[in-house]
Amino acid sequence: LEVWKESKELVKMVYEVTESFPSSEQFGLSSQIRRCAISIPSNIAEGVGRNHVKDTIQFLYISRGSLYELETQVILAFELSFISKDTFEKVFEKIHLCMKLISGFINYYENKK
């Protein structure tokens with residue numbers, strides 16, 4: 001699934017970006033951002049693996065919610081000067097691509113009901 005592949009790429013980006021966060025953030029924003037990012041492809045996989053349309057849709061909504069949560073955390077990381085503008089824009093672009101893909105996937109499953 002394209003949405004799953006792109007969200008895995010987002011996780012890799014997040015891990016690379018958070019490597020440069022201050023050590024004081026190891027158990028703070030850095031950890032939260034990583035957990036949030038990991039939950040996105042994980043919930044997509046779990047939802048599709050349930051093999052029931054209603055369950056799949058629910059997990060896709062959870063995944064999309066995590067994307068919005070991640071978006072907020074990345075904005076905060078930028079505002080706290082933990083990431084550069086260039087890095088922020090790249091991650092933000094990938095987040096929005098994943099949002100678009102997951103919304104399309106939700107629509108696909110909604111039409112299957």
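## Exercises on a predicted model

The lining of the largest cavity comprises seven nonpolar residues, one polar residue and no charged residues. The model used in these exercises is predicted.

**Exercise 1.** Find which residues line the largest cavity, and work out which helix gives the most to that lining.

*Solution.* Begin with the cavity itself: the count comes to one cavity of 30 Å³ or more, and the volume of the largest cavity is about 50 Å³. Next, list the lining, which is made up of Val-14, Val-17, Thr-18, Ile-33, Val-74, Ala-77, Ile-83 and Val-91. Then place these residues on the helices: helix 1 (2-18) and helix 3 each supply at least two residues of the lining, and helix 1, with three residues, gives the most. Finally, sort the lining by class, where Val, Ile and Ala count as nonpolar, and the result is the one given at the start, seven nonpolar, one polar and no charged residues.

**Exercise 2.** Decide how many disulfides the structure holds, and state whether Cys-36 is buried or exposed.

*Solution.* A disulfide requires a pair of cysteine sulfur atoms within 2.5 Å, and the structure holds zero disulfides. For Cys-36, the nearest cysteine sulfur is that of Cys-98, which lies 12 Å away, and Cys-36 is in no disulfide. Seen from the other side, Cys-98 is likewise in no disulfide, the sulfur of Cys-36 being its nearest cysteine sulfur at 12 Å. Turning to accessibility, a residue is buried when its relative accessible area is under 20%; Cys-36 therefore counts as buried, because its relative accessibility is 4%. Cys-98, with a relative accessible area of 1%, is buried as well.

**Exercise 3.** Locate Ser-63 in the structure, explain why Ser-63 counts as buried, and name the residues that Ser-63 touches beyond four places away in sequence.

*Solution.* Start with the helix: Ser-63 is found in helix 3, which covers residues 53-79. Its relative accessibility is 0%, so Ser-63 counts as buried. When residues up to four places away in sequence are set aside, Ser-63 touches Ile-40, Asn-43, Ile-44 and Ile-102.

**Exercise 4.** Determine whether Gln-58 is buried or partly exposed, and give the separation between the C-alpha atoms of Gln-58 and Asn-43.

*Solution.* Gln-58 also lies in helix 3. Its relative accessible area is 44%, and because partly exposed covers the range between under 20% and over 50%, Gln-58 is partly exposed. As for the separation, Gln-58 and Asn-43 are 15 residues apart along the chain, and their C-alpha atoms are separated by 9.3 Å.

Note on methods
Residues numbered from 1 in each chain as written. Predicted model: local features only at pLDDT ≥ 70, side-chain atom pairs only at ≥ 80, totals over all residues. Heavy atoms only, no water. Helix = DSSP H or I, 4+ residues; strand = E, 2+ residues; numbered from the N terminus. Buried < 20%, exposed > 50% of the residue type's maximum accessible area, 1.4 Å probe, protein only. Contact = heavy atoms within 4.5 Å. 1 Å grid on protein atoms, 1.4 Å probe; cavity = no way out; pocket = protein on both sides within 12 Å on 5 of 7 lines; lining within 4 Å. Points joined across faces, edges and corners; volume = space filled by probe spheres on them.
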